[in-house]
Amino acid sequence: MSPALSGVLQLLALAAALGLVYRPLGDHMARTYSCDRHLRVERWIYKAIGADPTGEMSWPAYLRGVLAFSAVGVLFLYLLQRVQGVLPGSLGFSSIDPDQAFNTAASFVSNTNWQSYYGEQAMGHVVQTGGLAVQNFVSAAVGMAVAVALVRGFARAHTGELGNFWSDLVRGTVRVLLPVSVIGAIVLVACGVIQNFAGIHGVGQFPGGTQQWNGGAVASQEAVKHLGTNGGGYFNANSAHPFENPTPLSNLFEVFLILLIPFALTRTFGRMVGSLRQGYAILAAMATIWVVFTLLMMWTELAHRGTAFEIAGGAMEGKETRFGISGSALFSVATTLTSTGAVNSFHSSNTGLGGGINLLGMQLGETAPGGVGSGLYGMLVMAVVAVFIAGLMVGRTPEYLGRKIGTRQITFAACYLLVTPALVLGFTAAAMALDTPGHSMTNSGAHGFSEILYAYTSGANNNGSAFAGLDADTQWFNTTIGIAMLLGRFLPMVFVLALAGSLAEQTPVPETAGTLRTHKPLFTGLLIGTILIITGLTYFPALALGPLAEGLAS
Amino acid sequence: MSTSTPATLPDEVPHQDGPTGPAPGHASGHASGNGAVGGGFFDPGMLVRAVPDALRKLDPRVMVTSPVMFVVLVGSVLTTVLALREPGDWFGWAITTWLWLTTVFANLAEAVAEGRGKAQADTLRRAKTDTVARRITGAGEERVPGTELRVGDLVVCEAGDTVPGDGDVTEGVASVDESAITGESAPVIRESGGDRSAVTGGTKVLSDRIVVRITTKPGETFIDRMINLVEGAARQKTPNEIALNILLASLTIVFLLAVVTLQPFATYAGAGQSMTVLTALLVCLIPTTIGALLSAIGIAGMDRLVQRNVLAMSGRAVEAAGDVSTLLLDKTGTITLGNRQASEFVPVKGATRAELADAAQLSSLADETPEGRSIVVLAQEAYGLRERRRGELGPAEWIGFTAQTRMSGVDVGRRRVRKGAAGSVTAWVRERGGRVPEDTRALTDRISQAGGTPLLVAVEDGGGARVLGVVHLKDVVKAGMRERFEELRRMGIRTVMITGDNPLTAKAIAEEAGVDDFLAEATPEDKLALIKREQAGGKLVAMTGDGTNDAPALAQADVGVAMNTGTSAAKEAGNMVDLDSDPTKLIEIVGIGKQLLITRGALTTFSIANDVAKYFAIIPAMFAVAYPGLDKLNIMGLSSPESAILSAVVFNALIIIALVPLALRGVRYTPTSADRMLRRNLGIYGLGGLVAPFIGIKIIDLLLSTLPGIG
């Protein structure tokens, strides 16, 4: 079978599988976030953390919940790493340096999972399972909670209330992430992913060194790593490691897990706003970008010219032979179009244009389909912007889902749009202008620039994947990327929740023939165009000097 | 100025039995245009004349209100300083020149838009010459300057006087020349009490004497507000304009970031750029097209209303007009012609149709009301009965219509013919011992139920007095209304007919006119309640009104258009005044509101879409030396880096001037569904905005490359 055909077949299989679970999962999530009853285990949790799961919250209250919970998470994770050296079950690893501990704490709480450490050489069982794996669940649940709050903003009227953060957080974890993760982990174990608490085994020697195997609760962490669009691997090689991702089938399943919740949330959105078609329009925009990016990636990786490439059947450098070009392309597009950042190949070794696709994917704000929760709210904010411009063209004050997009709404949307470009471009420019950061580059020219651009793009967009090559474990990068991850995660949430609050207060405008219909292909096209043009224009100069300069050189 | 007749003499008292509407009383019969909004005028000479104003607007304190253009101004200053430091650099000077031109072009657009109002303001000022008021004091009269009047003062105006201020007539009746405000030369009647008591300062009393109670402080009169409005002095940014400005400002910040951070990237690549080039890139990227034209679009939108003789008291109201989803329309004068017309002669048993028509015509010759005239005309058209003149019947006694008798007729010798309200005619016949046939009642009921008004025709001759039959008077729906309502429906606007008629009549007319709903036997309270109900459902409501009792509803409506013939209370309550007092104009106002928003959206889309081509021009020009592969992005094949950058800047400046007429005239707007409108505008301004600069920049580059030293 030709690699191209195998790629298309894998894409089709994936689409079919996602289509199959779209309805049940989307509806399940809508029920989860709308129902009145609490499970017994949930009540225990509320009691334990002292939260009232019934009171409705205005947007500032909801935001306070998000920020307080996340701040505690950062602090806890930081301290846990700082005292690792004295904790039992740490496989003898020492405590983590302050800057790296901060970076890792920020990284896992912000759902980024950027890793400036080597998992198997730095983190013991306690930190991996008790700290990092916990954040894999709850940071994802926070993203979903904020998305649901925004959806409620569209669904509710005459109220500033957006639901209850604690209840959304706990339910998202208990009723969605945990059960699906368990199923996911079982499937992964069946595929050959390891799950144990074994220590480090010396398995042999080779000239110049010894080889070790680490055991660990890999499958369980692997499932939520993908499902929660986290991406932080148990091992440094991440999903390229055979213990994390042993076969082409496990590879496809992991991509499926990555895309599962972000796509299904559009159904949840449609359900909750009372119009499934609105959800489908958003889904269509996400899916179109995803499919086109995947096909482009396969094309550029397969079509790359050069003797070595032709012998290998494409740009095989940095890719696992068991996944091949299409399996790697599929994975790398899914991981950069969501906020996952897991890798099964080295993005740095992609062709120039391929690396550009990875970069652009993240720069789109990770909205196609994006991170769990963050993809949906990112897409809805873009929809607000698209509606604003297009709505004027039908001769009315713009409105989306019956909510008027006025000064307040567009202010919040505009602020949202500003955050990540400011972080990405600002930090990259600082790193390029200063002397020290440049020493971390392992390449010169356009590729070297891409390494740094990629690092901040990945951090500020909460992706977490790395353009391997950059030595990111320096004080400068640990600190600046840490800041980029935190601001890139929580500043947008401030604006999303403020937007949600301002929407929920409104009296809905009834739909008439004069209303811009936002469930039509025309609008979907417009939404895609708005996303591509606004992000494309923002990053074009930077992309031109990085991947484009490299990709167009030959 | 349009030429409808805003105010005729006071209405005849309705002279038929049965329901009458709340009769706005100024049926102009002016069915204006179709739904499409036409453009204003544009004359290239205006650009030249506006240059001094445009230069004056370079004041940074003025420029800062438009964030996008302020950035261009700062950029222009910056490149000027750089060019001064290196005077031999032709490229620096060329860029500097075109950046300044960009700024000036933006101001030019605004100045042209404002200039159009200035001429009108001058005319108004002439009307506002200092008047001397004859103020009534306890002891008699004193002459004071009009500017010293207080609210509540009573002043006397006689033939030849100019009314010194806005007020209400408290005594007397006079004909007034309001042409200074409305442009309409026919005089109008102003009288104390009722709905036509308002007089406006600056208008001229032509006959008789009135006493006016001043209701507005000098300096805040209607004419003062008009001057402010048309000059744009009172212009405040509207909500949507502010929102759009925020979006444009944030895009400007994004591009500022993209350009400022580019320098370290470029330096690393060994292709550091001059500040001039970076400024040029920035100006090309930020949405200058819409930034430059935004305020001109707003001013022109208000101006389009002024050209149609509508004064919007706030730009907010114009925007709201575009959002209106419910239109309340008065039946009389808006949906139907002001008067009922004869549509049919229905004879009773034993009488012939021709006989009836003849009698009806005869008896209506002395009836000068429009209803009476329509009977004469119907008889003539349907039965070929020539209109007879009074002389040709020999000695005859003509009985004109009065509100008391509610009948008209003629006595020729022994033959007496009468036509009038059913009650009056029945009584007249019975008085003369005549008989009213059995089927008369059935006939009149049938007509009433169909929404018409029955008039009885009776005759007394040798055969005694008897009823001949019934004339069916019908409310005549104006031509083309059904289509317009259809159009409104397609735009998602629901029309509600407001009438004082009984529900039966109202329903019949509503069906015939094709309105979506009706409010029968409407009182002012009903109207207000209806508006509140609609608004509670999230709808925006527009209505017209003229009476004092309309004031609460006018104030409650999102768009309240007061008729200029109306009372001061109504004019105060509404947020627009129609100087022509033409209620049909509401439909046009909605169109103008929509057109305003569409123009903004279209030019924003165009402006953003333009950037793609500019990147393809400038990025290869900047970096193809460092990374030769990037020359593949030079898909336009521009001749040299300098020429490429300059072409983009020149295009960016020229497109502003090229679009000034569009900004002033507004994007073509035809009422249709949102989907079709979006498809069309996206095609023209979205795709057009993508493609046009590729062509434009290429052409400019071709021209530039013929110059020595470039290319």
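How many residue pairs are in polar contact across the interface of chain A and chain B? In this predicted model, in which local features need pLDDT of at least 70, side-chain atom pairs count only at pLDDT 80 or more and totals for chains, interfaces and linings use all residues, side-chain values use heavy atoms, with hydrogens and water left out. Residues are numbered from 1 along each chain as its sequence is written, while chains are lettered from A and ligands numbered from 1 in the order in which they are written.

The rule finds eleven such pairs, both residues being at pLDDT 80 or more; a polar contact is a pair of N or O atoms within 3.5 Å, where within protein one must be able to donate a hydrogen and the other to accept it, and residues adjacent in sequence count only if both atoms are side-chain atoms. Two salt bridges are counted between chain A and chain B (a side-chain nitrogen of Lys or Arg within 4 Å of a carboxyl oxygen of Asp or Glu). Asp323(B) forms a salt bridge with Lys404(A), with 3.7 Å between the closest N and O atoms.

Turning to the annotated positions, the unreviewed UniProt entry lists Asp546(B) and Asp550(B) under "binding site", and such annotations may be inferred rather than shown by experiment. Asp550(B) is buried, its relative accessible area being 8% (buried means under 20%, exposed over 50% and partly exposed in between, with a 1.4 Å probe and protein chains only), and Asp546(B) is likewise buried, at 8%. The side chains of Asp550(B) and Lys527(B) are joined by a polar contact of 3.1 Å.
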